[in-house]
Number of protein chains: 2
Amino acid sequence: MIYKYIYGESIETGAVVEATRECKQEVSVMQFVRTEEGIRLSCCMEPDDVVYGLGEQVRGMNKRGFTYISDATDDPIHTECKHSLYGGHNFLILNRAQTEKVVENRPSFGLFVDTPGRVVFDVGETKYDQLTITTDGDCVVYVILGDSLKEIAKQFRQLIGPSYIAPKWAFGYQQSRWGYACEQDIREVADNYQRCGIPLDAIYLDIDYMENYKDFTVDSGRFPDFQRLVHDMKEQGIHLVPIIDAGVKIEKGYSVYEEGVQGNYFCKEEDGKDFVGAVWPGKVHFPDVLNSKAREWFGSKYEWLMEQGIDGFWNDMNEPAIFYSENHLKTVLEEILSMKDENMDLHAFFHMRDQVVGLSNHPKDYQSFYHDMDGRKVRHDKVHNLYGCYMTRAAAEAFDKIAPDRRILLFSRSSYIGMHRYGGIWTGDNSAWWGHLLLSIQQMPALNLCGILYTGSDIGGFGCDTTEDLMMRWMEFAIFTPLMRNHAAAGTRLQELYQFEDIESFRNIVRIRYGLLPYLYSEYMKAAFQGEMYFRPLSFDYPQDSHAFQVEDQLMVGESIMIAPVYTQNARGRYVYLPEEMLMVRMKSLEEKSCRIMEKGHHYLEIALNEVVFFVRKNHMLPLAILNDSVKSTADVETSQYEWIGYADEVAEYVFYQDDGISKDYPPSREWKKVMLTKERLEENINDGAGKL
Amino acid sequence: MIYKYIYGESIETGAVVEATRECKQEVSVMQFVRTEEGIRLSCCMEPDDVVYGLGEQVRGMNKRGFTYISDATDDPIHTECKHSLYGGHNFLILNRAQTEKVVENRPSFGLFVDTPGRVVFDVGETKYDQLTITTDGDCVVYVILGDSLKEIAKQFRQLIGPSYIAPKWAFGYQQSRWGYACEQDIREVADNYQRCGIPLDAIYLDIDYMENYKDFTVDSGRFPDFQRLVHDMKEQGIHLVPIIDAGVKIEKGYSVYEEGVQGNYFCKEEDGKDFVGAVWPGKVHFPDVLNSKAREWFGSKYEWLMEQGIDGFWNDMNEPAIFYSENHLKTVLEEILSMKDENMDLHAFFHMRDQVVGLSNHPKDYQSFYHDMDGRKVRHDKVHNLYGCYMTRAAAEAFDKIAPDRRILLFSRSSYIGMHRYGGIWTGDNSAWWGHLLLSIQQMPALNLCGILYTGSDIGGFGCDTTEDLMMRWMEFAIFTPLMRNHAAAGTRLQELYQFEDIESFRNIVRIRYGLLPYLYSEYMKAAFQGEMYFRPLSFDYPQDSHAFQVEDQLMVGESIMIAPVYTQNARGRYVYLPEEMLMVRMKSLEEKSCRIMEKGHHYLEIALNEVVFFVRKNHMLPLAILNDSVKSTADVETSQYEWIGYADEVAEYVFYQDDGISKDYPPSREWKKVMLTKERLEENINDGAGKL
């Protein structure tokens, strides 16, 4: 049951698609107070209550013990103390522990605070037993009651509409790096992967491909025949995926700039002048994607690249990141000048340093420009969290016109709930830290809860130098994430898989991903079509198991699998909790695998550096594609030959999904296929073989 | 067996005290190459080889998979990718796994690279199987062979001399905060602890106590009668511990400054002018602590505070940290001015930002001043890692004269091996991150390996806002660290224990520390007198147990105890590995405890937020002081009444140590006491009581 509460005149975010009647009673599950700026909701939590959700944030799956702030921020240092990352994901579930001590009625509930501005979620940081949510403006609040975590989650997904579905090739392995600067760089990556026999479905074009970082341009010096390159790559099974940044370079004669100015499509200062920020291209204007005409215009610009054969994009810098604004920089420089002749004291020095460092993404800049929301002038900070979402919506709506029948790959750095209908996200500029491998494991179900299914982290880490062991462990997790992309920052150690020593193991791991594709793709589609979560904390599937609520480093993936990745340097294994008897599957390659039934409970398992381990639930199974040696991309994965892994008391069944990988519409009758296998048939694959315990 | 190799004319660091003859053969365990700057040592590692040591660095106990650089740095963001923290601890042990596969002779060895400049330890980062050590200058290398990890460690400790011993009160609980600005602040802290019945032995004075951050001054406005305050506090059992910074404020008429200039005691620029850096007091000169006269002079300055009753100090900012140098700041400001009239482009903007941020601790500054090492003019960067060590030596040598019979508390932020004879260290400006609780667990044995026994981390975290649960879990670990200090940065959440909700539990935890004191103090003394490690990775005690080498989050503490702290937010327990049968001791307070024998192997244990759990080895035991309710400090801990915890096949024995807590010399015959107890006597304390399993 969903209860909707309207507080003031909230700006429509577009997050909710399901019409819901306003509830005129008081919110029953939380205390409500009107504040000067917005509202405050609060409630008490018992020690064993668990809070899930909030999407892209730091810390564990259970969000208790910290304050999270929805305030999209381009901050690449994702340490434990960061209150905001790139998104605004204002949905949480408070799971009430049903202990004997607690006698009163304490229903678990989902809570969506729909407001485009800043929201503060103090999830027991100030007081461990207190959940307090404070908005900076008017809002609509949805309270969802349901019998289980899964059901609450599903109701929320119905409220916000169906998740984006990527083309099938986007479920293949993908390579990116900030620094591929010319055609030759791209061809070398493709050739190296091919030489090593490692399948690859996409190579990304970071900001380097553009002419002076101008959106919707390709540098013709470094990419003399871009269309040909796109075509050649596609012949090799590789899609090129260019980046699109939010800021449009101010440059006379640059058509996107000229059109934007003429069409009045850019965000404006108070006095009506186009706002000037500086990002990669230097000085830019920001398209007013909250205006429907500007959105339509900006979206239409993607067509030029699609005409070159491009069928995937990533939208970046759309918090929007601002390195500095023209006005603010001027003020700071003048201040430094005025200090110059004084004998600068320590106070002045720190002030100067703070001023210079604080130039980027400065709150005052976000208060200094405006959107024209189809007639309503709104200061940016009031709708800040919508920008990335609407930039991505601009593209998605354009794709519907440009290529109405085809799925186009699209994901974004910044997002708001609702954007999950238009594209996915990647988890931004993480680092080559073991802690960030764990973080990305923990972020996945929180993002799924918010509808964002097509997602993954930069494998190996974006910032800092990665190491071979970190890359390998990260790959062993990432073979389960829909977006499986190796990406790194300029200046860091080269981390394409062929740069390491043990290429053979990397090849095996990527091939396991391709072998798992029929399962992963089917489970993605189930999650998307049925409004379910692809990644789930164990407690969602085992709500009666109090220990399942404790497990912060294992995930359910689809209906059949549980994973327990190794995320600690130098570890030769890890502890795993099985909430029921399961079949452990160990793979060093698609060919070298062993299966063994493991009893419910706690286990310490040795897991070699180059080993993929996962667990299949009882009476479940999964298809594993049989690959030949020459598989180069998803296109080569045979869709009729499978090996089945699973085990059952009597029979197990599995419904799997097949399509052409690209069409938007599909005839459901043909595409969902049910397979049933007997205990005996499945047992043929169970052995005690190479699997050490 | 210790082999000494001399490469070039290395500057004497003072680290080694045991005369060792030079070995003229080649280093047998590593390959050796002369480089332009210094030397390079390298060797191969097998997958299961483990590297311990390197003191104060990030990452795990097993240092494999990263590059560590000895280059003392004031960097408060201790993320996984930081190559340097505050110290230069160039000792490691490579433990060679004795696997069947490996047939050739591969002895484990210890390696000390004694050189005062920069050293790079690539411990399998570039290639996982390659250890490469590169120095920036001449050096002396010591290779230590021995039959076990413990024996190698012990030989090294003999080489570098006995560790510093703190007064007994410094093993009590201590409270610090950057921000206690006046007498009233101090008295309030003391009163609040007393009101809550939480024992406390020391309150720290951070930079706020001084007059304009001038060393060896006390602000008479905010501390009108300092001597009286010191005295009053001591009456309450509380010692005041002031900070001393490396930089001496440049201020006409300030006696320390005037004496330093007149005595030629400060570090000089190339042309002989006193070098000017800026730190907390603004512009400062740095005492040339590498010059014996200057060292003697600077040390003598501590006496004035000791005359006020002070008997403990912490030396800070002695990497030395430099916010900026006068010369460098001038250059950067001029550059910014020259940009001003240009239309600053992105490149110029980033350049400006990097220049401003890079002003602090800039390598060029460290190359721009000189030491007079008793006649030899040495550029600072060549001896950079010695500065903090020699500043602390200055104080320690002065104390020997000022108070020859008494132990004075002394620890430092920056250090080099050798400084362990003069004082301890704290692990610098960590953060209120759960990851830093784990980091501090992992740093302890690495520091002990380098002789640094008196050490601990800032409990609750220095930077960022702590939370009550983090503070409580951190306390549960910190009751085992010799230095047990709660410290936080200005501007962060108040984190004195009485600021939280569950004061009762904090009181119980601190009281458990005081109950454990007889054991912890005895074990510290054994480690100090016998050259052993107080904290050890499990593998040091269980070298035949291959899983023990995997355990990165448990520690042996002294001879009887193993600890397994909880370091994960919201966790209600953790996995624990017992390398042998042990007695699990659970305590919610000194009074509420239960014991239970646990079998060897892997366990999942529930550990409540307010519960201290540790494990006693078979045939070992420990004394637990019986405290009355009114214990306010270590002085009140009765040294004759104990409860004994342990278990044995027949009898267990324990040698424990007692002294007056303050004298430097002690008559050993009286102080070491052996106690033997039978199985039956010990079993009286073993019960299955409240301890849930």
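**Cores, copies, cysteines and sheets**

Student: In this predicted model, which residues is Met352(A) in contact with, leaving aside its neighbours within four places in sequence?

Tutor: With those neighbours left aside, Met352(A) touches Ile336(A), Met339(A) and Met344(A) in chain A, and Leu329(B), Leu333(B), Val356(B) and Leu359(B) in chain B. Met352(A) is also one of the residues with the most contacts inside the largest nonpolar core, a set of 392 residues, and it shares that standing with Phe480(A), Phe614(A), Met352(B), Phe480(B) and Phe614(B). A second core, separate and of 42 residues, includes Leu538(A), Val551(A), Ala564(A) and Tyr575(B).

Student: What relates chain A to chain B when one is superposed on the other?

Tutor: Chain A is brought onto chain B by a rotation of 180 degrees with 0.0 Å of shift along its axis, and the RMSD is 0.0 Å. The two copies are therefore related as by a two-fold rotation axis. Within chain A, Leu337(A) has the C-alpha nearest the axis, at 3.3 Å from it, and the same surface serves both copies, since 98% of the contact residues of chain A recur in chain B.

Student: Why is Cys81(B) not counted as bonded to the closest cysteine sulfur?

Tutor: The closest cysteine sulfur, in Cys464(A), is 3.2 Å from that of Cys81(B), whereas a disulfide needs the two sulfur atoms within 2.5 Å, so the pair is too far apart for a bond. Cys464(B) is likewise in no disulfide, with the sulfur of Cys81(A) as its nearest at 3.2 Å, and the count over all chains comes to zero.

Student: What makes Cys81(B) buried or exposed?

Tutor: Its relative accessible area is 17%, and buried means under 20%, so Cys81(B) is called buried. Cys464(B), at 25%, is partly exposed, because that value lies between the limits of 20% and 50%.

Student: Which strands of the sheet in chain A are the edge strands, and why?

Tutor: The sheet is open, with four antiparallel strands in the order β15-β17-β16-β19 of chain A. β15 (248-249) and β19 (324-325) have a single partner strand each, so one side of each is left without a neighbour in the sheet.

Student: How many bridges join β15(A) to strand β17 of chain A?

Tutor: Two bridges join β15(A) to β17 (residues 282-285), and the strands run antiparallel; two strands count as paired if there are at least two bridges, so this pair qualifies. Val248(A) has His285(A) as its bridge partner in β17(A).

Student: How many residues of strand β32 in chain A are buried?

Tutor: Six of the six residues of β32 (582-587) are buried. Met582(A), Met584(A) and Arg586(A) point one way, while Leu583(A), Val585(A) and Met587(A) point the other way. Such alternation between the two faces of the sheet is what a regular strand shows.

Student: What are the strands that pair with β32(A)?

Tutor: β32(A) pairs over six bridges, in the antiparallel sense, with β33 (residues 593-598) of chain A, and Leu583(A) has Ile597(A) as its bridge partner there. These two strands form a hairpin with five residues between them. β32(A) also pairs over six bridges, again antiparallel, with β35 (residues 612-617), where Arg586(A) stands opposite Val613(A).

Note on methods: Residues are numbered from 1 along each chain as its sequence is written. Chains are lettered from A and ligands numbered from 1 in the order in which they are written. This is a predicted model: local features need pLDDT of at least 70, side-chain atom pairs count only at pLDDT 80 or more; totals for chains, interfaces and linings use all residues. Side-chain values use heavy atoms; hydrogens and water are left out. Buried means under 20% relative accessible area, exposed over 50%, partly exposed in between (1.4 Å probe, protein chains only). Copies are superposed by least squares on the C-alpha atoms of residues with pLDDT of at least 70 in both. Contact means heavy atoms within 4.5 Å. A nonpolar core is a set of buried Ala, Val, Leu, Ile, Met, Phe, Trp, Tyr and Cys residues joined through side-chain atoms within 4.5 Å.
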